[in-house]
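Here are my notes on this one, point by point. Have the viewer open while you read.

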Amino acid sequence: MRRIAASGILLAGLLPAPAAEPVRASPAQATTVTFYDQGFALVQELRRVVLRTGENEVVLDGLPRTTDPATTAFTVTAGVKSLDLLEQSFRAQQQPSAELRWVLKSPADGFANLRLSYRADRLTWSASHELVLGATDAPARLSTRVGLGNESGHSLSNARVRLAVTERGGADRLPAETGIASNAAALRHAYGGEEALPNRLVAGLSVLQTFELPVTVTLEAGVSRYVPWIESSRLHVRRFHVYDGVRFDR
């Protein structure tokens, strides 16, 4: 009987320790979304997580399904410093939103405030303008609103919104009166050539200007939202007439 008991104690000591439960980070807080005019956005979120000494499996849920996992990064703004990211996985199948899982190695017990950043596609913006002319020499009224589209598969709540204008977004497009699709390549005549060739637009994603909306915006998934941007009721204008004697095709 003593031998059996001793064997039982020895076997129990060889059993592996139960796996630690994953640590779930807090929902996104203080979200900032920078919309680019190429149909994607850079998102920054503040999240809080409580860690144990050693390796922790951290779950960050509530991400857009169009998140590019290769662009995810974080910085520690408060709490435990010197966190090491050992492993990352991204899950977006059969879920309303995506989920990011990290294996973080922490040097101590405690909380950490993380600033998470990532790129998400299918987040778009456009601006529309309306100019109402009054009587001759009277001030005009200008109103501008921004259209924000969210087809990323996840809602973004109370987000600070920034609008980025890039070189590529400002590249010339064909005029509407040509009847050619706007996404068709513009043509040009090279020196000494008889046939028009596609015009190569050399433009990158360098940001030319950035604008920030004055209010936070909640962007529901699959919804286009229009936000007032610029309003001026006393815009001074000067009217003049131009005689176009070249357009004989009128």
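1. A cut-off to start with: buried means under 20% relative accessible area, exposed means over 50%, and partly exposed is whatever falls in between. Ala138 comes out at 24% relative accessibility, so it counts as partly exposed. You'll find Ala138 in the loop that links strand 9 (123–132) to strand 10 (140–150). Look across from there to His236: the two residues are 98 apart along the chain, yet their C-alpha atoms are separated by 7.4 Å.

2. Before going further, keep in mind that this is a predicted model. Mean pLDDT for the protein chain is 83, with 78% of the residues at 70 or more. The stretch to leave alone is residues 1–12, where pLDDT stays under 50. For that stretch the model has zero contacts beyond four places in sequence.

3. Now the sheet around that loop. Strands 9, 10 and 16 make an open, antiparallel sheet of three, in the order 9-10-16. Why do strand 9 and strand 16 (224–235) each have one side without a neighbour in the sheet? Both stand at the edges with a single partner strand, so there is nothing in the sheet on the other side. On average, neighbouring strands here are turned by 15° against each other, if you ignore direction. The pairing of strand 9 with strand 10 is antiparallel and runs over 10 bridges. If you want a register check, Ala127 stands opposite Val146 in strand 10.

4. There is also an open sheet of four strands, ordered 1-4-7-6, and its pairing is mixed. Its edge strands are strand 1 (23–24) and strand 6 (84–91), each of which pairs on one side only. Strand 6 runs antiparallel to strand 7 (residues 98–106), and seven bridges hold the pairing on record. For the register here, use Gln88, which stands opposite Trp102 in strand 7.

5. Ser106 deserves a click. This residue belongs to strand 7, and with 4% relative accessibility it counts as buried. What does the side chain of Ser106 reach at 2.6 Å? The partner is the backbone oxygen of Ala108. Beyond its sequence neighbours within four places, Ser106 is in contact with Leu51, Arg52, Thr53, Gly54, Asn56, Val80 and Leu83. Take Thr53 from that list: Ser106 and Thr53 are 53 residues apart in sequence, but 5.2 Å apart in space, C-alpha to C-alpha.

6. On to the largest nonpolar core, which has 36 residues. Which residues have the most contacts inside this core? They are Phe35 and Leu148. Strand 8 (residues 110–121) gives the most to the core, with five residues. Setting aside neighbours within four places in sequence, the contacts of Leu148 include Phe35, Trp125, Val161, Leu163, Leu213 and Val217. The contact list of Leu148 isn't purely nonpolar by name either: Thr124, Ser224 and Arg225 are among its entries.

7. Last, Thr32. This residue lies in strand 2 (residues 29–36). Is Thr32 buried or exposed? It is buried, because its relative accessible area is 9%, under the 20% cut-off. Leaving out neighbours within four places in sequence, Thr32 is in contact with Leu42, Val43, Gln44, Arg160 and Arg162.

Methods. Residues numbered from 1 in each chain as written. Predicted model: local features only at pLDDT ≥ 70, side-chain atom pairs only at ≥ 80, totals over all residues. Heavy atoms only, no water. Core = buried A, V, L, I, M, F, W, Y, C linked by side-chain atoms within 4.5 Å. Buried < 20%, exposed > 50% of the residue type's maximum accessible area, 1.4 Å probe, protein only. Helix = DSSP H or I, 4+ residues; strand = E, 2+ residues; numbered from the N terminus. Contact = heavy atoms within 4.5 Å. Pairing = 2+ DSSP bridges. Polar contact = N/O pair within 3.5 Å; in protein donor to acceptor, adjacent residues only side chain to side chain. pLDDT = per-residue confidence, 0-100. Axes fitted to C-alpha atoms, helices over the stretch in contact; angles between N-to-C directions.
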